[in-house]
Amino acid sequence: MSSPPTRMAVVGAGLMGSEIAQVAAAAGCEVVLADVSQKLVDRGLARVREIGDRRVARGRWTAEQAEEVATRVQGTTDLDEAGASGCSVAIEAVTERMEVKRAIFRGLDEVLDEEAMLASNTSGLSITELGRATARPAQVVGLHFFNPASVMRLVEVVRGEDTAEATVERAAMLAETLGKTPVRVRECPGFLVNRILVRALCAAYRAAQASGAPRAVVDVAVVAGGPAPMGPFELGDLIGLDTLEHIRRDLAAAYGDRFDDAGVVGAHVSAGRLGRKSGAGFRAGVDAGETEAGDDGAAAEQFYAAAADEARRCLQEGVVASADDANVAMRLGCGWEHGPLGAEAAAER
Ligand code: CAA
């Protein structure tokens, strides 16, 4: 297998950016991690160290290994000054606002070498539009990691309208050298995994709202009733309810009522309850760890039925090439024991 690039830029030192930087550094790459303020950069560097410390505590890494990985990540507020011109790849992982990302892509286009590939970790914004902010749209691609990015093995490689086939292959190879499994997807709102996952989450939130079942009960029922490792409320807290609401709204605007969640997520965001990162959310900070007795089979059934329906639509629309790919994506991106299209995948073989 080929080796990872020697030097890479990651723009955005938030949760996703710092975890992506950690993944690249752990694969042996020198990483320049950039953000707009030193405080944000320092927080990102601390996150890289935290992941290493956790691995040392679990006996997975030696303290020396963790130190070596951490020192491979250099923080900066000025990418140009930090030596971006030596980077063959940049991965952008900033807030999901098109105008912010477009400005970053324009800047990257100016400071990176001509052959460099520009990738976005966007969870649903148009790669085509980002590419057209640069003079190298054929070298712009989506590389969508999953939370926690240091753990989840999937990377969606997203092809925009102008992305060259060679760039898709280069991005897929990069994902592999970072120890991830690439699944190639065609650009559409939400791409593949978020379409399937958020559709399922909305179905469960609607069902829970209708039945009045406690959240812990719904979470237990979903985990017991199918392949997902986490219930819909606990997972919402992990993703971040502001992020989730952002994605859900875009999906509702694109696909309509099947992404209606009965206002459940938005109500929490308005109240400032954003999930784990804010210490309070659906379950975080309320009843975390609680496992109430009871059963909400209806929510679980609707969760998995919605996931299977959305996966089928993605397959029919050519967003993903095969049922196998859709299944792999849900296994490695969301930790499902098996994918939502088990029967279809078997029939294809
Ligand atoms: N951050 C970083 N690392 C974490 C973590 C976190 N929040 N939680 C657990 N880990 C690490 C642990 O350190 C451990 O690492 P090592 O193997 O290196 O030791 C590993 O994950 C397994 O941890 P545990 O055994 O303690 O935990 P687990 O077996 O319960 O797994 C989980 C935890 C990996 C998060 C698992 O519950 C899971 O797969 N959940 C589903 C997550 C999911 O669906 N993610 C996708 C969200 S959607 C998205 O990200 C897309 C988007 O655009 C919004």
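A residue counts as buried when its relative accessible area is under 20%. By that cut-off, P232, F233, L235, G236, D237 and L238 of helix α10 are buried in this predicted model. Helix α10 covers residues 232-239, and six of its eight residues are buried, so the helix is largely enclosed by the rest of the structure. The enclosing elements can be named: the buried residues of α10 pack against α8 (193-211), α9 (215-224), α11 (241-255) and α13 (297-316). Just after α10 comes G240, with a positive phi of about 100 degrees.

One of the buried residues of α10, F233, has a relative accessible area of 2%. Y205 is likewise buried, at 2% relative accessibility. A search of the whole structure finds seven aromatic pairs. In one of them, the ring centres of Y205 and F233 are 5.0 Å apart with the planes at 35 degrees; an angle under 30 degrees would count as stacked and one over 60 as edge-to-face, so this pair is tilted. Y205 belongs to helix α8 and F233 to helix α10, 28 residues apart, and the pair therefore links distant parts of the chain. Together with F282, these two residues form one aromatic cluster.

A second pair consists of F303 and Y304, both of them buried. Here the arrangement is edge-to-face, with 4.9 Å from centre to centre and 85 degrees between the planes.

Y205 and F303 also appear in the nonpolar interior. The largest nonpolar core has 74 residues, and those touching the most other members are L79, L192, Y205, F303 and W336. Helix α8 gives the most to this core, contributing eleven residues. Residues come from both domain 1 (7-186) and domain 2 (193-348), so the core lies between the two domains. In soluble globular proteins, nonpolar side chains tend to be buried together.

What is F303 in contact with, leaving aside neighbours within four places in sequence? The contacts are A200, L201, A203, A204, V222, A228, P232 and W336. Of these, P232 is one of the buried residues of α10, and W336 is named with F303 among the core members that touch the most others. Apart from this core lies another, of 34 residues, which includes M16, A21, V23 and L174.

Two arginines sit over aromatic rings. R55 lies over the face of W61, 5.0 Å from the ring centre. R195 lies over the face of Y255, at 4.3 Å from the ring centre.

Note on methods. Residues numbered from 1 in each chain as written. Predicted model: local features only at pLDDT ≥ 70, side-chain atom pairs only at ≥ 80, totals over all residues. Heavy atoms only, no water. Buried < 20%, exposed > 50% of the residue type's maximum accessible area, 1.4 Å probe, protein only. Helix = DSSP H or I, 4+ residues; strand = E, 2+ residues; numbered from the N terminus. Contact = heavy atoms within 4.5 Å. Core = buried A, V, L, I, M, F, W, Y, C linked by side-chain atoms within 4.5 Å. Domains from an automatic or database assignment. Phe/Tyr/Trp six-rings, centres within 6.5 Å; stacked < 30°, edge-to-face > 60°. Lys NZ or Arg CZ within 6 Å of the ring centre and 35° of its normal.
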